[in-house]
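Please look over the structure below before reading the points that follow. They are meant to be read in order, with the model open beside them.

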Amino acid sequence: MEVKDTGIGISKELLERIFDRFYRVDKSRSRNRGSSGLGLSIGKFIVESLNGTIEVSSTLNKGSEFTIIIPLLKTN
């Protein structure tokens with residue numbers, strides 16, 4: 001699965017932290033304004049619990065792309 005946007009993007013220095021619990025790239029977004037900084041952390045946990053991977057690439061002023069790969073379950 002791929003999720004893309006054409007937003008402001010995320011700088012390379014911040015990309016390594018975006019999956020950390022409670023981390024917010026935009027410091028102006030607080031819990032009072034609907035952001036807890038848990039969404040990507042929870043998403044990564046779910047994907048990894050299914051033996052999958054989640055990766056992100058981003059370019060400032062062009063947007064971000066998240067790639068999620070979850071292996072299919074083998075059935076008998």
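1. Start with a single pair of residues. In this predicted model, Ser57 has Glu65 in E3 as its bridge partner. Ser57 and Glu65 can serve as a way into the pairing of strand E2, residues 53-59, with strand E3. These two strands run antiparallel and are joined by 7 bridges.

2. Two further bridge pairs help in tracing these strands. Thr53 has Ile69 in E3 as its bridge partner. Thr59 stands opposite Gly63 in E3. E2 and E3 make a hairpin, with 3 residues between the strands. Asn61 sits in the turn and has a positive phi of about 65 degrees.

3. E3 also pairs with strand E1, residues 2-4. E1 and E3 are antiparallel and are joined by 3 bridges. Here Val3 is the residue that stands opposite Phe66 in E3.

4. Now put the strands together. What is the order of the 3 strands in the open sheet? The order is E1-E3-E2, and the pairing is antiparallel. E1 and E2 are the edge strands, since each of them pairs on one side only. On average, neighbouring strands of this sheet are turned by 10 degrees against each other, with direction ignored.

5. Next, the aromatic rings. A search of the whole structure gives 1 aromatic pair. The pair consists of Phe19 and Phe66, with 6.4 Å from centre to centre and 85 degrees between the planes. The arrangement is edge-to-face, because planes over 60 degrees apart count as edge-to-face. The pair links distant parts of the chain, as Phe19 and Phe66 are 47 residues apart. Phe19 is in the loop between helix H1 (12-15) and helix H2 (39-49), while Phe66 is in strand E3, residues 63-69.

6. Are Phe19 and Phe66 buried or exposed? Phe19 has 15% relative accessibility and therefore counts as buried. Phe66 also counts as buried, at 15% relative accessibility. The cut-off behind this is that buried means under 20% relative accessible area.

7. Both phenylalanines belong to the largest nonpolar core, which has 8 residues in all. The other members are Ile10, Leu15, Ile18, Val47, Ile54 and Ile68. Ile54 is a useful member to inspect. Neighbours within four places in sequence aside, Ile54 is in contact with Phe19, Lys44, Val47, Phe66, Thr67 and Ile68. Its contacts thus include both residues of the aromatic pair, Phe19 and Phe66.

8. Finally, compare two residues of helix H2. Ser41 lies in helix H2, and Phe45 is found there too. Ser41 counts as buried because its relative accessible area is 14%. Phe45 has a relative accessible area of 61% and so counts as exposed. Exposed here means over 50%. Leaving aside neighbours within four places in sequence, Ser41 is in contact with Phe19, Asp20 and Arg21. Phe45 and Phe19 are 26 residues apart in sequence, and their C-alpha atoms are 9.3 Å apart in space.

Note on methods:
Residues numbered from 1 in each chain as written. Predicted model: local features only at pLDDT ≥ 70, side-chain atom pairs only at ≥ 80, totals over all residues. Heavy atoms only, no water. Phe/Tyr/Trp six-rings, centres within 6.5 Å; stacked < 30°, edge-to-face > 60°. Helix = DSSP H or I, 4+ residues; strand = E, 2+ residues; numbered from the N terminus. Buried < 20%, exposed > 50% of the residue type's maximum accessible area, 1.4 Å probe, protein only. Pairing = 2+ DSSP bridges. Core = buried A, V, L, I, M, F, W, Y, C linked by side-chain atoms within 4.5 Å. Contact = heavy atoms within 4.5 Å. Axes fitted to C-alpha atoms, helices over the stretch in contact; angles between N-to-C directions.
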